[in-house]
Amino acid sequence: HNPQHFTFRLLGVSFSQTKTHTTHSLIDANTMVSITLLQALLIGLPLTVSSVGWKFADIRACNRTSLELANLAQDENVDPCILYDLGPNSEDTNVAFDLVVQNVQVTPSNCPGHRDGSPIAIKRLNGDNDGRGFAIGFNKDFYVGSRLISVVAGNPVYLGQEAYLEIHTQILDSFLVDTSGQFRYILGSCSCSSDHEKPIAEKHEVILMAQVGPPVFYKPENSNPWVFGIHLSSDDYPLAAARKLAFKAAQDKTLDKQPVRLVYRTKSDFFRSTCHSALSVLQEAGFKDIGQVYFNPDADEDGDGRVNAQDEDFLHGVADTICPSTSVGVTDLRPAVFMCTLREQDVIIPRLRENGCVMPSFWVTSATWEWWTGPIQDSLKDYQGGGQWHSEMTYSDRYFKTGQQMLGQNEAIVGYVGGYDTVVSYVMPVLNVQHLEQAYRVFDEPRPKEDIVNSEGRELLRRRMLDVKAETLVGPVFFNGDQRNVGRGAAGVQWQNDPVSEFGLKSALVSPDNQAESEVVIPSEIASDCAAGEFHNVSILLQRNALLQSVCELCPENTYTSLAGTILECEPCPLGTSTDGLIGASSCTNYDDNLLSKGMLAFGYIALGISWAMALIFFAWIIVFREDPVVRLAQIPYLVLICFGGIVSSSAILGITFQAGSWEDTDTASSWCKAVPILYSIGWVIQYGSLCAKTLRLKWVVEKNNALRKTTITTWSTFHVILIPLVVDIFILTTWTFVDPLEYGREEISRNVENGVLTIESIGRCKQPDGSVTIWAFIGPLFANHIILVLWTHCLLYQVRDVNNRYQENKYLGMAAIFALEVAVVGAPILLAAQDSVEATFVVITGIVAFDNIGVLSFIFIPKITFQRKGLEEGVTLNESILSTTHKLAKLRESGRKYDSGTHVGYSNSNSSGNLPIIAESEREQEFSEDEEECFHLLRRHSL
């Protein structure tokens with residue numbers, strides 16, 4: 001469709017034929033092509049094909065989208081076509097501007113990111129000031145429109161790089177020739193084409209805004225004054241990783257020990273200079289063990305017919321040089337690696353995994369390339385990389401708050417979400433207008449049209465680009481002496497954990513510092529020491545999917561590691577210890593539960609047995625001698641209740657013998673904890689209430705007897721004395737049980753770790769649950785109820801103090817009270833001082849309960865048994881024996897009678913007076929006091 005000139009070079013001889021629009025000429029041309037190709041193939045001579053003569057004016061619009069062009073197959077070509085023609089002089093607008101800026105860009109089909117951000121920039125720029133464009137000049141009344149001409153020159157993979165570059169330069173040069181005298185900017189192409197744009201920019205004195213990273217591209221010896229670089233230096237890409245590695249090594253004092261390995265291509269300035277910048281930082285930091293592995297990707301060093309970049313054996317050798325294989329996958333050589341490669345890492349990284357390599361830091365150029373990271377994102381943990389821009393950056397301009405916002409809106413235009421190349425592509429047309437704005441900011445009447453048509457004016461405009469300082473979506477932009485952007489540092493990234501992402505990882509921004517969302521993590525997971533409770537699993541190391549993934553694994557049950565490190569196996573727990581069924585233990589646990597020993601339990605059971613045995617023996621005595629006056633007047637029902645109360649209250653000892661060790665079921669022990677206060681309190685009330693009731697009944701009997709009235713006072717008439725305090729106790733105890741009962745629980749006293757064994761010392765006891773009602777809310781009312789009963793009992797006993805000790809317990813119960821008080825006085829301080837000692841607490845509580853019961857039972861029943869066995873003195877009636885005064889007078893009377901007859905005094909358990917015994921003088925002196933003896937003589941004289 002367009003005039004083309006095909007040149008065939010065969011043995012240094014050129015055959016040329018022009019392709020015209022006529023059918024006849026076209027057949028001739030095709031015939032010539034066929035003959036020439038056939039000749040070359042038949043004789044086997046080298047053949048090159050080049051295309052010349054492409055004119056911009058003859059190029060038509062593309063019939064495919066940018067994305068479709070980017071996805072062309074290797075064997076699929078496309079004729080040069082105009083992808084974008086936007087802005088003034090296009091179909092999109094009819095508005096007249098004071099100046100139209102021509103932004104021209106020529107790109108290969110496979111560089112969509114470098115071109116697809118510009119269209120949205122052109123639309124925003126031209127939409128300013130109600131569609132009049134960007135205003136410049138001191139008065140802001142000179143309006144600039146922007147035009148974008150974006151041409152796709154072909155598929156370099158199909159054409160070959162040399163043929164493509166020829167077409168590329170022809171089209172760019174043709175456009176600049178056609179637009180001579182207009183205001184033009186060249187938007188740089190992909191880096192592979194950028195070198196060929198430099199001379200064209202210089203030839204036409206047009207500013208070229210290149211999208212190239214390596215600093216060498218902009219050096220005076222390699223460039224010209226019309227070339228500016230919008231890209232930051234790619235040499236900055238690895239600096240964050242290198243500096244963090246140096247800081248960590250200096251902190252750990254391992255600068256002289258930490259090996260560092262750099263792997264890079266030598267044919268590309270980008271790859272070579274990027275790794276060299278990291279090398280400079282590492283050398284300045286003081287690393288001693290630095291190794292470089294570099295290669296020409298297009299050479300064949302091992303002579304096997306495959307170029308190095310595609311030679312698997314060669315690349316395996318590179319990996320083995322970086323980190324050789326070991327027998328167990330663990331080595332002292334843990335190199336930090338910087339890899340500046342294109343696709344070679346796809347072979348090198350798996351080999352490093354096979355070799356069992358452990359690397360504290362791994363930086364690779366492709367870590368920010370979406371086409372590379374996308375398919376393997378789940379294996380990128382801790383990889384580091386660098387680039388021009390990152391989605392988390394918050395730089396803004398007059399049109400968008402962030403670059404990410406721009407990409408989101410641009411997606412609707414181009415059909416895909418772009419990356420940092422797309423953001424840079426957007427920034428270039430905006431920066432060009434900002435260049436004009438700053439160049440003419442002090443002019444009332446800007447005259448860019450006049451300046452652009454002469455060499456002096458164009459030079460002045462070029463120099464003013466050197467003074468530009470602009471805030472853009474990629475950050476501040478200004479140029480250094482080599483005319484490349486040094487507005488900020490590069491975007492350093494590291495793949496870090498992200499629980500909300502699909503693969504649990506994200507590319508986190510780690511530099512520059514004022515934009516970073518996270519810090520660089522060094523060492524990587526694989527090089528980090530396994531924590532205590534973990535071990536370095538060699539099988540994971542040799543079979544891992546991700547190069548830097550952690551190979552630490554939790555120790556199995558009943559094994560442990562007590563220290564962090566690269567321990568290869570966990571220690572088994574010593575005999576008698578365990579990890580309580582847990583995995584990942586940093587120690588084995590030995591529980592010192594301070595459980596009651598068998599001896600202590602035996603002591604409790606013995607104390608309980610003595611209490612029960614005494615109660616049962618006394619109960620049997622009651623039954624056997626129930627007709628004896630001593631037993632009858634002591635009121636048998638209440639004596640039985642006293643025995644029963646003793647059994648119930650002493651049963652509390654049984655409750656405190658139940659215990660549970662750590663991790664044992666505490667339900668039984670907790671049930672007995674609830675029962676202990678119930679048993680002791682109710683048994684005590686029954687015991688003391690019975691004493692109170694029998695004493696009250698005895699008091700009433702005496703009172704009625706003194707009144708000489710015959711009245712029947714039954715046992716049940718005083719039963720309310722037991723019932724009332726018992727009901728009060730039951731109410732309090734029931735409330736306690738349902739509201740906040742005691743529970744069995746363990747309290748930790750101490751922890752001690754020695755030789756990997758954690759000894760946890762604890763004590764188990766009945767206690768109120770944490771955060772519950774205080775125990776005194778229940779003990780207080782119980783104590784008050786018991787005190788009232790005690791005071792009432794002793795008050796009644798005082799009122800019947802004239803009753804013979806044979807029938808009332810004032811004297812003996814007082815002795816029991818003193819005994820119980822002595823036990824409490826001795827036990828309470830011990831209980832407080834030894835509350836952390838289970839055995840001391842058990843002994844004290846058991847002693848208080850047991851001795852209290854034993855004391856009460858003993859002081860009540862032993863005197864009665866003594867009186868029962870001794871019986872009444874002969875001649876003393878039962879009625880006379882009740883009161884102490886009548887009993888004494890009766891004894892004096894009978895002694896007087898017996899004294900006269902010389903008969904010895906005897907004892908009888910009958911109710912009659914019997915014979916009058918004679919009391920021996922010696923015995924009388926022993927039996928009576930001096931006052932009683934005087935009374936006896938008076939009575940004797942009176943009777944004589």
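Two strands count as paired when DSSP finds at least two bridges between them. With that in hand, welcome to this predicted model, where one such bridge places Val 263 opposite Val 293 in strand E13.

**The chain as a whole**

Let's begin with the wide view. The protein chain holds 30 helices and 29 strands. Of its 944 residues, 50% are buried. The chain exposes about 43900 Å², and carbon and sulfur atoms supply 55% of that area. What share of the contacts between residues at least 6 apart in sequence join residues at least 24 apart? The share is 68%.

**Strand E12 and its neighbours**

Now let's visit strand E12, which covers residues 260-265. Is this strand enclosed or open to the outside? Six of its six residues are buried, so E12 is largely enclosed by the rest of the structure. Buried here means under 20% relative accessible area. The side chains are easy to follow in the picture: Val 260, Leu 262 and Tyr 264 point one way from the strand, while Arg 261, Val 263 and Arg 265 point the other way. Both sets are buried, the two arginines Arg 261 and Arg 265 included.

E12 has strand partners to look for as well. Strand E13, residues 290-295, runs parallel to E12 and is joined to it by six bridges. Strand E14, residues 336-340, also runs parallel to E12, and five bridges join these two. In E14, Cys 340 is the bridge partner of Tyr 264.

A helix belongs to this picture too. Together with helix H9, residues 269-285, strands E12 and E13 make a right-handed β-α-β unit.

**A three-stranded open sheet**

Elsewhere on our tour, three strands form an open sheet with mixed pairing, in the order E25-E27-E26. Why do E25 (588-592) and E26 (743-754) each have one side without a neighbour in the sheet? These strands stand at the edges and have a single partner strand each, so one side of each is left without a neighbour. From one strand to the next, the twist averages 30 degrees.

Within this sheet, E25 pairs with strand E27, residues 757-767, in the parallel sense. Five bridges connect them, and Tyr 591 has Ile 760 in E27 as its bridge partner.

**Parallel pairs side by side**

Here are the parallel pairs described above, ready to be found in the structure.

| Strand pair | Direction | Bridges |
|---|---|---|
| E12 and E13 | parallel | six bridges |
| E12 and E14 | parallel | five bridges |
| E25 and E27 | parallel | five bridges |

Notes. Residues are numbered from 1 along each chain as its sequence is written. This is a predicted model: local features need pLDDT of at least 70, side-chain atom pairs count only at pLDDT 80 or more; totals for chains, interfaces and linings use all residues. Side-chain values use heavy atoms; hydrogens and water are left out. Helices (H or I, at least four residues) and strands (E, at least two) are DSSP runs, numbered from the N terminus. Buried means under 20% relative accessible area, exposed over 50%, partly exposed in between (1.4 Å probe, protein chains only). Contact means heavy atoms within 4.5 Å. Accessible areas come from the Shrake-Rupley method with a 1.4 Å probe; for residues, only the protein chains shown count as cover. A crossover is right-handed if, with the strands pointing away from the viewer, the path from the first strand over the helix to the second runs clockwise. Axes are lines fitted to C-alpha atoms, for helices over the stretch in contact, and angles run from 0 to 180 degrees between N-to-C directions.
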